[in-house]
Amino acid sequence: MYEVYHRTPVGIALIAADDTHITKVSIRDEELEETTTDLPLLNEAIKQLDEYFAGDRKVFDLPLNQPGSDFQQQVWQQLLQIPYGTTITYGHQSNQMKNPLAIRAIAAANGKNNLWIVVPCHRVIGSNGSLTGYAGGLWRKQWLLEHEARVMGTGQTKLAF
């Protein structure tokens with residue numbers, strides 16, 4: 001396992017990889033020192049995160065792998081289908097997955113996502129439009145959504161139904 005710490009506008013990102021895949025992207029609350037790496041895969045992840053924060057990247061193109069059940073993998077794959085600059089509700093996500101009674105299980109799987117920003121669980125909001133359930137803190141979720149809205153020139157994120 002390889003790791004690097006990289007400064008972003010929302011805190012220090014911990015980016016982890018194995019020999020072939022990015023396995024984790026999370027933002028730390030601790031004030032940690034930025035590190036460097038010689039691993040091309042980690043450097044590509046850093047580059048793509050920087051492009052995202054600069055407003056130049058809307059879709060990540062990285063080999064990803066995080067452990068999880070088949071159900072969790074389905075939830076995370078569905079998150080990758082949410083367009084940049086839009087939001088959906090947990091209910092809408094459960095309907096898209098053709099499992100309308102699984103809202104809580106889907107929300108729990110979103111919460112277990114270890115690939116923050118890259119697998120955009122921040123784009124899922126509560127049914128009343130509230131910002132709910134983000135492991136990185138609601139202020140980061142709000143920042144990410146506002147960032148995407150600014151880049152899109154929409155002024156606010158759009159619900160995608």
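1. The protein in this predicted model contains five helices and six strands. From the N terminus onward, these elements follow the order β-β-β-α-α-β-α-α-β-α-β. The radius of gyration is 15 Å, close to the 15 Å that the globule rule gives for 161 residues, so the protein is as compact as a globular protein of that length.

2. On overall dimensions, the C-alpha trace spans about 45 × 35 × 25 Å along its principal axes. Of the 161 residues, 47% count as buried.

3. Confidence should be considered before any detail is interpreted. The average pLDDT of the protein is 93, and 96% of the residues score at least 70. Helix α1 (residues 40-54) has the highest confidence, at 98, whereas strand β6 (residues 158-159) has the lowest, at a mean of 54. Where pLDDT is low, the predicted coordinates should not be read in detail.

4. At the start of the chain, strands β1 (residues 2-8) and β2 (residues 11-17) run antiparallel and are joined by seven bridges. The connection from β1 to β2 is a hairpin of two residues. Within this pairing, Tyr-5 has Leu-14 of β2 as its bridge partner.

5. The second largest pocket holds about 170 Å³ of space. It is lined by 13 residues, of which Lys-58, Val-59, Phe-60, Leu-80 and Val-118 are the closest to its centre. By class, the lining of this pocket comprises eleven nonpolar and two charged residues, with no polar residues.

Methods
Residues numbered from 1 in each chain as written. Predicted model: local features only at pLDDT ≥ 70, side-chain atom pairs only at ≥ 80, totals over all residues. Heavy atoms only, no water. pLDDT = per-residue confidence, 0-100. Helix = DSSP H or I, 4+ residues; strand = E, 2+ residues; numbered from the N terminus. Pairing = 2+ DSSP bridges. 1 Å grid on protein atoms, 1.4 Å probe; cavity = no way out; pocket = protein on both sides within 12 Å on 5 of 7 lines; lining within 4 Å. Points joined across faces, edges and corners; volume = space filled by probe spheres on them. Nonpolar A, V, L, I, M, F, W, Y, C, P; charged D, E, K, R; others polar. Rg over C-alpha atoms; globule rule 2.2 N^0.38 Å. Buried < 20%, exposed > 50% of the residue type's maximum accessible area, 1.4 Å probe, protein only.
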